[in-house]
Each structure stands twice: as C-alpha cells, then as structure tokens.
Amino acid sequence: DSPDKSSVEGGDTIGTLLRKTLLEAANDVKSEILIVSPYFVPGTSVSDMLKSLRERNVRVRVLTNSLLSTDVPAVHAGYRRYRVPLLEEGVDLYEVKPLPGKPTPRGGLLKTPSSGQFSLHAKAYVFDRRRIFVGSANLDQRSLHLNTEIGLMIESPELARQVVARFDTIAQPANSFVLALDKD
C-alpha cells in the first residue's frame, strides 16, 4: 500500500492499494480460493465478492481464529454476524481451536497469547492452486481501508500446493471447528 493510503483512496495522490490487487486476483478465480486471515471481518463488499464467487461455483474456504483462540475478541464479534450468511452461500468456514489436536475446552476462560494456546496469525490467500499471496493483510475493513499493508503475490503451483496442504491440516476437525448450519 502507498503510505498515503487515504489520499490514494480519495484519488488525491497517485499510488497503489493492495486491496485492489487482492480483490482482482480473487475475482479472477475459476475454481477455488483459500483465505487464511486471523482477523476476518469481510464487510459488505467482500461478502458480496464471495457470494459472486459461489454463484460461479467457485469453492471458497476460509480459515480464521475461533473465539477461543483469538487475541482480540472484539474482532471475532465483528466477524460473527457474517458466519450464517456465508455458510448459506456455501462458503466453507474453519475456526482454529486454541489447542490443536486436543479436545475442545469447555467453559474455559479466554487465554492470552502468552498462555501457550494456539492462535492463527498468518495471512495467506491461494488462487486456483497456482498463485499465492502472503503478507500482512487480513481480510477485514481495517486492513483494506486503513492500515498500510505489504505482501507478495507469487505465481507458483508448488508453493500453492504447500500452502493448501498446510491449510488442509489445520482445517481438520482435530485442529479447527468446522462450521455448519443446523437444519433445525
């Protein structure tokens, strides 16, 4: 992102915005997009984009923190209202457990990052298993519109394969809550 992000956004200054690169790459996806974003608060524009991808039969998988694993519960509260609509659209949602490979804690307190609990912090996006983005940008309104973010877009099916393999490992029910709609 340009350091003058707010001026670029308003058209007052020439510069580039990372969100434009990310959203263009996402809109070009033909079969699958994977999103790893610890602070996932899609807002209307990203929700609409994900809905559009699902309407084109693109598989959308999102890995984010659960309430039990996040270090910022307020961000999780912002994300919660998007869960049901995204699930209704057919988006696959996975929320990282605080203790991967262990049973879900019952009634426990939220722990701090220094407590030894697992918390997702990586930000990565995989586009059609051939291109990846790795950087500082979460898929939330703060990263998209306020923070100055940085990242790399890499054309590499091999690196994409490795990120997908790691995603698949973390998304397993032993490591993440796999969200689903209750028919009742």
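This dialogue works through salt bridges, a buried lysine, a buried serine and the nonpolar cores of a predicted model.

Student: How many salt bridges are there, and which parts of the chain does the pair Arg-59 and Glu-32 link?

Tutor: A salt bridge asks for a side-chain nitrogen of Lys or Arg within 4 Å of a carboxyl oxygen of Asp or Glu, and by this rule the count comes to 9. Arg-59 and Glu-32 form one of them, at 3.9 Å from N to O, and this pair links distant parts of the chain, with Arg-59 in strand β2 and Glu-32 in strand β1, 27 residues apart. Glu-32 is buried at 7% relative accessibility, whereas Arg-59 counts as partly exposed at 37%.

Student: What do the side chains of Arg-83 and Glu-95 form, and where do those of Arg-131 and Glu-155 lie?

Tutor: Arg-83 and Glu-95 meet in a salt bridge at 3.0 Å; because Arg-83 belongs to helix α4 and Glu-95 to strand β3, the pair ties together parts 12 residues apart in sequence. Glu-95 is buried, with a relative accessible area of 5%. Arg-131 and Glu-155 form a salt bridge at 3.1 Å, with Arg-131 in strand β5 and Glu-155 in strand β6, 24 residues apart. Here Arg-131 is buried at 18%, while Glu-155 is exposed at 52%. Through shared partners, salt bridges also join Glu-32, Arg-59, Arg-61, Asp-92, Arg-129 and Asp-168 into one network.

Student: Which side chain of opposite charge is nearest to Lys-123, and how far away is it?

Tutor: That side chain is Glu-149, at 7.0 Å, and Lys-123 is buried yet has no salt bridge. Lys-123 sits in the loop between β3 and β4, where its side chain reaches the backbone oxygen of His-121 at 3.1 Å. Beyond its neighbours within four places in sequence, Lys-123 is in contact with residues including Val-36, Pro-38, Phe-133 and Asn-138.

Student: Is Ser-156 buried or exposed, and which backbone nitrogen does its side chain reach?

Tutor: Buried means under 20% relative accessible area, and Ser-156 is buried at 16%. Ser-156 lies in the loop between β6 and α6, and its side chain reaches the backbone nitrogen of Leu-159 at 3.1 Å.

Student: Which residues of the largest nonpolar core touch the most other members?

Tutor: Of its 29 residues, they are Ile-33, Leu-50, Leu-53, Val-60, Leu-93 and Phe-127. Elements that give two or more residues to this core include β1, α3 and β2. Apart from it lies another core, of 14 residues, among them Val-36, Leu-63, Ala-124 and Val-126.

Methods
Residues numbered from 1 in each chain as written. Predicted model: local features only at pLDDT ≥ 70, side-chain atom pairs only at ≥ 80, totals over all residues. Heavy atoms only, no water. Helix = DSSP H or I, 4+ residues; strand = E, 2+ residues; numbered from the N terminus. Buried < 20%, exposed > 50% of the residue type's maximum accessible area, 1.4 Å probe, protein only. Polar contact = N/O pair within 3.5 Å; in protein donor to acceptor, adjacent residues only side chain to side chain. Lys, Arg positive; Asp, Glu negative; His and termini not counted. Contact = heavy atoms within 4.5 Å. Core = buried A, V, L, I, M, F, W, Y, C linked by side-chain atoms within 4.5 Å.
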